[in-house]
Structure formats: C-alpha cells, structure tokens
Amino acid sequence: MRVEALKTLDLDPHARLYSAVFNSEPWNENWSVANASQRLNCYRSTPNFIGIEAHEGETLHGFIIGNFEPYQSGKVYVLKEMCVATQVQRKGVGAQMLSKLHSILQDSKIETVNLVTRKGSDAESFYMQHGYAQAQRVGLYIKNL
C-alpha cells in the first residue's frame, strides 16, 4: 500500500469513498457524492492545504484532508476529514496515514493538530490511541438558525 501526500486535483474518488463511508454505520449520515465533492474541494482549495491518501494499486483506501493556520508563535494543523474505506478499517490504514501526516507536519515545524470527532465513537478511541487528548479548555458550540 502507498501512503503519500495528496497531490491530485481530482477528488471524485475521494468524494465517492467519503459518501460511502459516512452514509454507513456508525455515522448514518446523508452525503450525496456531489455534496461530498463540494465539501472536499472546499477544503482542498484552502490556503496551506495538506492531505494524505492511501492507495493499493488504483484502489483508494483512505485520505486525510486539512490545512495549517498561524497560531500565536507557531502553526496548528486543522484536520478536517479523515476517511478510511469500511472494508480496510482496523487494518492499519488509518494509523499509517496518521503517521505519514505527523511526519510531514513535523518536517514543516507544525507541532499541534486540532480535530473534531464524535464523542464515544470508534474514531475518538482511534485518535486517543494515537496520542490525541480531549481539549480541556475549549468546547464546540452550535447554533441552528
């Protein structure tokens, strides 16, 4: 399996994978490929984009998308989306992508990663197993309009 920086501008395969994964258990969301494509392309076009993807042959197994932002005396990477194909979850794909991401970030002198995920989920457990901790001084606030 190849795990490398995401360089392609064609995110259609990523959008198809995203909608398939997040429309399934445990997320049960309602993503069309078109909406997923809009979301991912929005992130892809942000300043300071850094993405990772995992392939085996021509098959896309997963990706990470985000960007870094200036913060106080350094930079913070905001991990916007991580997606691993259902059939290869729990087989090390996510861990390999996260490791590659961390390596790229360290080489770029980025020392912090921020992300949002569902509390109590397997995703939360995955991140915590890889050294992430729940923020104690900040919270997520939502207002429906």
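On one side of helix α3, Gln106 and Asp107 are exposed, and this pair of residues offers a convenient way into the structure, which is a predicted model. Helix α3 covers residues 93–107, 15 residues in total. From its first C-alpha to its last, α3 reaches 21 Å, close to the 21 Å expected at 1.5 Å a residue.

The other side of α3 tells the complementary story. The buried residues of this helix are Val93, Gly94, Met97, Leu98, Leu101 and Leu105. Viewed down the axis of α3, these buried residues fall within an arc of 125 degrees, so they line one face of the helix. A general point about helices helps here: an α-helix has 3.6 residues a turn, so residues three or four places apart point the same way. Several elements cover the buried residues of α3, and they include the strands β1 (2–5), β2 (49–56), β3 (59–71), β4 (74–84) and β5 (112–115), together with helix α4 (122–129). Beyond the end of α3 comes Lys109, whose phi is positive, near 65 degrees.

Among the strands that cover α3, β2 deserves a closer look. Seven of the eight residues of β2 are buried, so this strand is largely enclosed by the rest of the structure. Strand β2 pairs with β1 in the antiparallel sense, over four bridges, and within this pairing Val3 stands opposite Ala54 of β2. Strand β2 also pairs with β3, again in the antiparallel sense, here over eight bridges. In that second pairing, Phe49 stands opposite Asn67 of β3. The chain passes from β2 to β3 through a hairpin that has two residues between the strands. Gly57, in the turn of this hairpin, has a positive phi of about 65 degrees.

Attention now turns to charged side chains. The count of salt bridges comes to three. One of them joins the side chains of Glu4 and Arg2, with an N to O distance of 3.6 Å. Both partners are partly exposed: Glu4 has a relative accessible area of 29%, and Arg2 stands at 40% relative accessibility.

Another salt bridge brings together the side chains of Arg39 and Glu81, at 2.7 Å from N to O. This pair links distant parts of the chain, as Arg39 belongs to helix α2 (residues 33–44) and Glu81 to strand β4, 42 residues apart. Arg39 is partly exposed, at 30% relative accessibility, whereas Glu81 is buried, with a relative accessible area of 8%.

A further salt bridge forms between Arg90 and Asp122, whose closest N and O atoms are 2.6 Å apart. Arg90 lies in the loop between β4 and α3 and Asp122 in helix α4, so the pair ties together parts that are 32 residues apart in sequence. Arg90 is exposed, with a relative accessible area of 74%, while Asp122 is partly exposed at 48% relative accessibility. Helix α4, where Asp122 lies, is also among the elements that cover the buried residues of α3.

The cysteines were examined in turn. Searching the whole structure yields zero disulfides. Cys42 is in no disulfide, and the nearest cysteine sulfur, that of Cys83, is 17 Å away. For a disulfide, the two sulfur atoms would have to be within 2.5 Å of each other. Cys83 is likewise in no disulfide, its nearest cysteine sulfur being that of Cys42. The surroundings of these cysteines can also be described: Cys42 is partly exposed, at 44% relative accessibility, whereas Cys83 is buried, at 1%.

A last stop is helix α1 (residues 12–22), where Ala20 is found. Ala20 counts as partly exposed, with a relative accessibility of 42%. The C-alpha atoms of Ala20 and Trp31 are separated by 8.1 Å, and the two residues are 11 residues apart along the chain.

Note on methods:
Residues are numbered from 1 along each chain as its sequence is written. This is a predicted model: local features need pLDDT of at least 70, side-chain atom pairs count only at pLDDT 80 or more; totals for chains, interfaces and linings use all residues. Side-chain values use heavy atoms; hydrogens and water are left out. The expected span of a helix is 1.5 Å times one less than its number of residues. Buried means under 20% relative accessible area, exposed over 50%, partly exposed in between (1.4 Å probe, protein chains only). The arc is that of the directions from the helix axis to the C-beta atoms. Contact means heavy atoms within 4.5 Å. Two strands pair if DSSP finds at least two bridges between them. A salt bridge is a side-chain nitrogen of Lys or Arg within 4 Å of a carboxyl oxygen of Asp or Glu.
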